[in-house]
Amino acid sequence: MAQPVAIEVWNPNGKYRICTQKKTILSVEDIVALIGDKCDGVIGQLTEDWGHTLFSALSKAGGKAFSNMAVGYNNVDVNAATKYGVAVGNTPGVLTETTAELAASLSLAAARRIVEADEFMRAGLYDGWLPHLFVGNLLKGQTVDVIGAGRIGSAYARMMVEGFKMNLIYYDIYQSTRLEKFFLKANGEQPVTWKRASSMEEVLREADVISLHPILDKTTYHLVNKDSLAVMKKEAILVNCSRGPVIDEVALVEHLKQNPMFRVGLDVFEDEPYMKPGLSEMKNAIVVPHIASASKWTREGMATLAALNVLGKVKGYPVWSDPNRVDLFLDENSLPPA
Ligand code: GLV
Ligand code: GLV
């Protein structure tokens, strides 16, 4: 087990024992031990499985609040938390732009083959300019497809449309007023080409760049699979900064092998921290270790929000009117000006 560091913190209202860990990811048993017999609340990470065992341990220790330090909460069984009387929070808003910027970075890096070119350069293979060296895709005028048009998907769409003059199709089970507001002028004019698709297949068929931003649940598990990959253009770019299991990674590796011009940018993986066999050898894949929200500003914001979620509940701040409210802090401020 990782040796947790216990820090005692004083504030005018009492003493808190804060446990932090140095590096290693904690197991359920580690966390039960850390909770001990008295614990008011916990800030947890997306690598931890917050289900019956942990919520029951927290509840027995008198705990009333849990916050994921993440916007995604597929690692949290909110029903179990409710059963044990523990309120749950997450950290939306503060990571919207940072995460969308990584999705944009991966889109560009894949389009322009930046990682492959960098490896080539460092390997000393560059011996002079050639017309066909690392030819990639021009984004301008191509179609970007956003699957899941919540905060992050909408911010990404805005970047790609406004920044790179791409056409947009989005697909979401809900109509996204958030996203549609971006592109609708006050006079009702639509300055860019965009539409909401009626089916996944329609978007996949037409898209040059596809970026995944849904939550992970039963309905989005393996949303991208062998069949959906087969529908996509042979030279499409697929980006995933949501959750790994949204893609069937084994099918993806096979698809990358069969289609060398198809490229992916992945921030998340099905069995983190592992990659499915073969993925790391694929030149047409860019892989980064779940860093989409890793800007200094955002990580400070996530930590602060997670702390406010827990302390807000423990100290009874009025924001906690609903005992099991996720998405506590809505990020209306991160909406662009109308
Ligand atoms: C990170 O993946 C998050 O959900 O915040
Ligand atoms: C996540 O916060 C999203 O809305 O995409």
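This passage walks through a predicted model of a protein with its ligands, starting with overall confidence and ending with the ligand surroundings.

It helps to begin with how far the prediction can be trusted. Across the protein, pLDDT averages 86, and 84% of the residues reach at least 70. The two ends are another story. Residues 1-12 have a pLDDT below 50, and that stretch makes 23 contacts in the model beyond near neighbours in sequence. At the other end, residues 319-338 also stay under 50 in pLDDT, and here the model shows 37 contacts beyond four places in sequence. As for the scores of the model as a whole, pTM comes to 0.87 and ipTM to 0.68.

Next comes the general build. The protein has 338 residues, of which 37% are buried. Its secondary structure adds up to 11 helices and 12 strands. Plenty of the contacts bridge long stretches of chain: taking those between residues at least 6 apart in sequence, 67% link residues at least 24 apart.

Seven of the strands can be followed in one sheet. This sheet is open, its 7 strands pair in parallel, and the order across it runs E8-E7-E6-E9-E10-E11-E12. Strand E8 (194-196) and strand E12 (285-287) sit at the edges with a single partner strand each, so one side of each has no neighbour in the sheet. From one strand to the next, the twist averages 15°. In general, the strands of a sheet are held in pairs by backbone hydrogen bonds, in either a parallel or an antiparallel fashion. For a look at one such pair, take strand E6 (residues 143-147) and strand E7 (residues 167-171), which run parallel and share 5 bridges. One of the residues involved is Ile147, whose bridge partner in E7 is Tyr171.

That leaves the ligands. Around ligand 1 lie Leu46, Ala70, Val71, Gly72, Leu95 and Ser293. Sorted by class, this shell holds 4 nonpolar and 2 polar residues, with no charged ones. Ligand 2 has its own set of surrounding residues: Val71, Pro92, Gly150, Arg151, Ile152, Gly153 and His213. Here the count by class is 3 nonpolar, 3 polar and 1 charged. Val71 turns up in both places, being listed around ligand 1 and around ligand 2. The run from Gly150 through Arg151 and Ile152 to Gly153 belongs to the surroundings of ligand 2, while Ala70, Val71 and Gly72 form a run of their own around ligand 1.

Note on methods
Residues are numbered from 1 along each chain as its sequence is written. Chains are lettered from A and ligands numbered from 1 in the order in which they are written. This is a predicted model: local features need pLDDT of at least 70, side-chain atom pairs count only at pLDDT 80 or more; totals for chains, interfaces and linings use all residues. Two strands pair if DSSP finds at least two bridges between them. Helices (H or I, at least four residues) and strands (E, at least two) are DSSP runs, numbered from the N terminus. Axes are lines fitted to C-alpha atoms, for helices over the stretch in contact, and angles run from 0 to 180 degrees between N-to-C directions. A residue is near a molecule or strand if its C-beta atom, placed from the backbone, lies within 6 Å of it. Ala, Val, Leu, Ile, Met, Phe, Trp, Tyr, Cys and Pro count as nonpolar, Asp, Glu, Lys and Arg as charged, and the others, Gly among them, as polar. A residue is buried if 20 or more other C-beta atoms lie within 10 Å of its own, exposed if 12 or fewer, and partly exposed in between; C-beta atoms are placed from the backbone. Two residues are in contact if their C-beta atoms, placed from the backbone, lie within 7 Å. pLDDT is the predictor's confidence in each residue, from 0 to 100.
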